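Subject: Protein–DNA model for you

Hi,

Here is the structure I promised to pass on. Have a look at it first, and then read my notes below.

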Protein chains: 2
Amino acid sequence: MGEAGPVRRVRADARRNTDALLEAAATVFATSGVDAPVREIATTAGVGVGTVYRHFPKRADLVAAVFRHAVDACADEAPALAAEHPPGEALARWLLRYTDFIATKRGLAAALHSGDPAFDALPAYFDQRFRPALDALLAAAVDAGEARCDVAANDLLRAVANLCGPAHDAGPDHARRMTALLVDGLRRGAVSPA
Amino acid sequence: MGEAGPVRRVRADARRNTDALLEAAATVFATSGVDAPVREIATTAGVGVGTVYRHFPKRADLVAAVFRHAVDACADEAPALAAEHPPGEALARWLLRYTDFIATKRGLAAALHSGDPAFDALPAYFDQRFRPALDALLAAAVDAGEARCDVAANDLLRAVANLCGPAHDAGPDHARRMTALLVDGLRRGAVSPA
DNA sequence: ACCGTAGACGGAACGTGGTTCCGTTTGCAA
DNA sequence: TTGCAAACGGAACCACGTTCCGTCTACGGT
């Protein structure tokens with residue numbers, strides 16, 4: 001099931017452009033929304049449209065790639081936080097980080113439900129990356145007696161996501177405050193470690 | 001607050017075209033989805049695009065008009081059914097009719113949440129037409145002891161709509177069967193009339 | 001019945017955005 | 001240094017929504 005034969009090395013400029021495109025797209029999507037024209041992204045990346053389509057055959061593929069990239073960045077912070085903070089603290093910090101992810105990517109999330117086949121695999125990817133990440137944090141916190149044990153990672157992910165749902169509220173940090181509240185409750189019901 | 005002065009009569013051909021467009025749009029939307037190009041609708045209606053835009057300044061206005069038209073058609077059947085059937089029967093029949101409406105207009109419903117200002121008034125219109133219509137049927141059925149009295153029209157509308165939500169199920173009449181189930185429950189808990 | 005005109009009509013033309021094509025350039029291994 | 005597979009750029013193409021404007025016509029007035 002591994003790679004077959006000597007993988008033809010990707011050219012350095014090709015990799016550089018892929019990265020530039022991913023970064024440019026993230027910026028542009030944040031600035032002008034997910035509907036920003038491909039040309040704008042190409043320009044921002046200092047690249048021709050042809051190059052965009054070489055790396056991402058369809059516009060939706062680029063959107064999907066940006067999404068995965070963001071998911072990765074967020075998920076990868078879980079172990080990092082776990083290494084630098086006590087379990088309960090790490091859990092709280094990561095959930096706040098996750099809150100930002102959800103809040104930031106609302107536009108992308110909407111696009112996911114557009115029916116485009118390029119997005120079909122994203123929900124699964126979302127789960128596959130976030131669930132284990134949160135599971136680890138949660139287990140550690142529970143073990144350390146710093147979080148209650150009757151909440152599943154999945155429920156937590158969904159709950160926080162929903163908490164950030166309706167954006168017709170006060171200040172921009174409303175979501176963070178709500179999540180903080182939730183986390184508070186999460187850390188209270190803890191039982192002492194065995 | 002009434003009309004001011006002699007309203008300049010609308011030309012006969014103008015009205016004919018509006019009707020033709022509404023009908024054509026409904027057909028095309030059902031056939032090719034809500035994203036069908038305006039030109040296709042114009043052609044189907046036997047009209048030039050200029051005429052489409054004379055009657056509906058924005059594409060979204062046409063979509064909204066078709067939606068309202070469909071709402072009207074469905075709501076107007078309520079009194080008609082009430083006149084031809086016993087209350088419980090009328091109620092059941094109309095809810096099935098409403099189920100078809102929901103199932104058929106899923107595409108339109110999705111468009112409603114696109115943020116286009118042309119759709120802002122539609123949810124209110126939906127309520128304003130359907131709630132009273134169902135209220136009447138429901139009240140009559142309850143009075144006749146043919147339906148339980150502890151269900152609100154609003155809840156029923158929402159429930160049926162949700163029932164038709166996920167379309168990843170079996171046969172195309174899945175929604176109708178689900179609604180039938182619901183209606184069954186509705187008619188059971190009835191109490192004899194006073 | 002006939003006119004004059006407000007208003008309607010059709011469809012070419014325009015602007016924007018996605019996608020394709022292809023001649024040119026370039027990283028890299030021999 | 002050289003050869004070429006692969007990558008690049010961006011003009012060109014196509015599909016849409018929307019606008020413009022010259023032409024046509026319903027209909028109230030004579």
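A residue counts as near a strand here if one of its heavy atoms lies within 4 Å of it. This is a predicted model, in which local features need pLDDT of at least 70 and side-chain atom pairs count only at pLDDT 80 or more, while totals for chains, interfaces and linings use all residues. Residues are numbered from 1 along each chain as its sequence is written, chains are lettered from A and ligands numbered from 1 in the order in which they are written, and side-chain values use heavy atoms, without hydrogens and water.

Strand D first. Of the 25 residues around DNA strand D, the nearest are R11(A), N17(A), T51(A), R39(B) and R59(B). Sugar or phosphate supplies 54% of the strand D atoms within 4 Å of the protein, and bases supply the rest. For polar contacts (pairs of N or O atoms within 3.5 Å; within protein, one must be able to donate a hydrogen and the other to accept it, and residues adjacent in sequence count only if both atoms are side-chain atoms), a side-chain N or O atom of R11(A) sits 2.3 Å from a base nitrogen of strand D. On the phosphate side, R59(B) places a polar side-chain atom 2.7 Å from an oxygen of that strand. Helices are DSSP runs of H or I with at least four residues, strands are runs of E with at least two, and both are numbered from the N terminus. By that count, α3(A) gives the most to the surface near strand D, with five residues.

Now strand C. Among the 25 residues around DNA strand C, R39(A), R8(B), N17(B), G50(B) and T51(B) come nearest. A polar side-chain atom of R39(A) is 2.5 Å from a base oxygen of strand C, whereas G48(B) uses a backbone N or O atom, 3.1 Å from a phosphate oxygen. Here α3(B) has the largest share of the nearby surface, five residues.

What does UniProt list for residues 37-56 of chain A? An unreviewed entry gives "DNA-binding region" for them; positions follow the numbering used here, feature names are shortened, and annotations may be inferred rather than shown by experiment. In the model this stretch is 75% helix and 0% strand, with its end C-alpha atoms 14 Å apart.

Finally, helix α5 (residues 87-104) of chain A has 18 residues and reaches 26 Å from its first C-alpha to its last. Buried residues (under 20% relative accessible area, 1.4 Å probe, protein chains only) in α5(A) include W94(A), Y98(A) and F101(A).

Best wishes

Key: The expected span of a helix is 1.5 Å times one less than its number of residues. Buried means under 20% relative accessible area, exposed over 50%, partly exposed in between (1.4 Å probe, protein chains only).
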